[in-house]
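Let's work through a ligand site and the space it occupies. Grab your viewer and try each exercise before reading its solution.

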Amino acid sequence: MASPNERVPTASELEAFRELEHQGWTDVAGGYVDRFLPLTVRTAPSLLDAVGAQAGVELLDVACGPGGVTAAAAQRGARAQGIDFSDTMVAQARRAHPELEFRAGDAEALPFDAARFDAVVCNFGVLHFAHPDRAFAEAARVLRAGGRYAFTVWDSPERALPFGLVLKAIEAHGRTDVDLPQGPPFFGYADPEVARRALEPAGFTGVRVETIPLAWRIESADFLIDAFLEGGVRTRAVLRAQTPEALASIRRGLRESIEPWRAEGGFELPAPAVLCSAHKK
Ligand SMILES: C[S@@+](CC[C@H](N)C(=O)[O-])C[C@H]1O[C@@H](n2cnc3c(N)ncnc32)[C@H](O)[C@@H]1O
């Protein structure tokens, strides 16, 4: 994610990318729960409003991770279940919400019959898919006509500063030419036009794109680096490829660049998310 993603990846690069993501999420499930889940679950109310999640709605949470959004949907009375391709994420979800149904499976080949759900949501999953178009087509397939779909991604790194500041620190103090399989652009769907162009051919209409203005309170710059090291995938791989000296320098650089966002007890970083929603034709 730190390298420019202008070239279209080849099929074998996308296969390697998928494997990086799969192994990554299998390795970091616990770290993700500790570091990122308290932030990511805060988009659940907007995401669930966008699909009309309420009592009786059959809802699928795709790339559910530890199941925070699935649980929020169930609390509204929806008949909610989650699916994720990482066994360790599914185990985290089952441990946290033993009363709910979670299963292992791929967003790009959902193990459900057509027209099975009223609503499908995906919270910060799309930016990790090797073939987002396949995931959109699958979401459309498992939705009934008129069913609703919504997903979130992070806004661009200029606006979502937890990403922007860390990427800039790596650029300034480390190396970005890390040999990682090329995937789709991490921030691609932050552009409303890209989302619209992807959802309509998949069978959706009425595409809406809005910003969810989150801010992330963190105690220190080191918390942020450690969050990516313990609970991320692509940025984690870039950070782990640095020499110890470069990593120390990245940490020092971030301690300086984060200063303008100092707030009581630490820092408050703008971390807006983009919410895309649509319904099946
Ligand atoms: C950033 S986490 C988001 C987890 C959860 N939705 C949340 O809001 O906290 C991304 C999740 O996507 C899952 N994921 C990535 N690619 C996937 C795929 N092709 N099929 C299913 N799950 C996938 C990962 O295992 C991981 O749990």
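**Exercise 1.** Find which side chain has an N or O atom 2.6 Å from an oxygen atom of the ligand, then look for polar partners of ligand nitrogen.

*Solution.* Start with Asp84: an N or O atom of its side chain lies 2.6 Å from a ligand oxygen. Polar contacts here are pairs of N or O atoms within 3.5 Å. Next, go to Ala63, where a backbone N or O atom is 2.7 Å from a nitrogen atom of the ligand. Then check Asp106, with a polar side-chain atom 3.0 Å from a ligand nitrogen.

A note on ground rules: this is a predicted model, where local features need pLDDT of at least 70 and side-chain atom pairs count only at pLDDT 80 or more, while totals for chains, interfaces and linings use all residues. Residues are numbered from 1 along each chain as its sequence is written, and side-chain values use heavy atoms, leaving out hydrogens and water.

**Exercise 2.** Where does the ligand sit, and how much space lies there?

*Solution.* First, place the ligand: it sits in the largest cavity, meaning more than half of its atoms lie within 2 Å of the grid points. A cavity is a set of points on a 1 Å grid over the protein atoms alone where a 1.4 Å probe fits but cannot get out. Second, size it up: the largest cavity holds about 580 Å³, a volume filled by probe spheres set on the points. Third, look inward: Trp25, Tyr32, Phe124, Gly125 and His128 are the closest to its centre among 42 lining residues, which have an atom within 4 Å of a point.

Conventions. A polar contact is a pair of N or O atoms within 3.5 Å; within protein, one must be able to donate a hydrogen and the other to accept it, and residues adjacent in sequence count only if both atoms are side-chain atoms. On a 1 Å grid over the protein atoms alone, a cavity is a set of points where a 1.4 Å probe fits but cannot get out, and a pocket is an open set with protein on both sides within 12 Å along at least five of seven lines; lining residues have an atom within 4 Å of a point.
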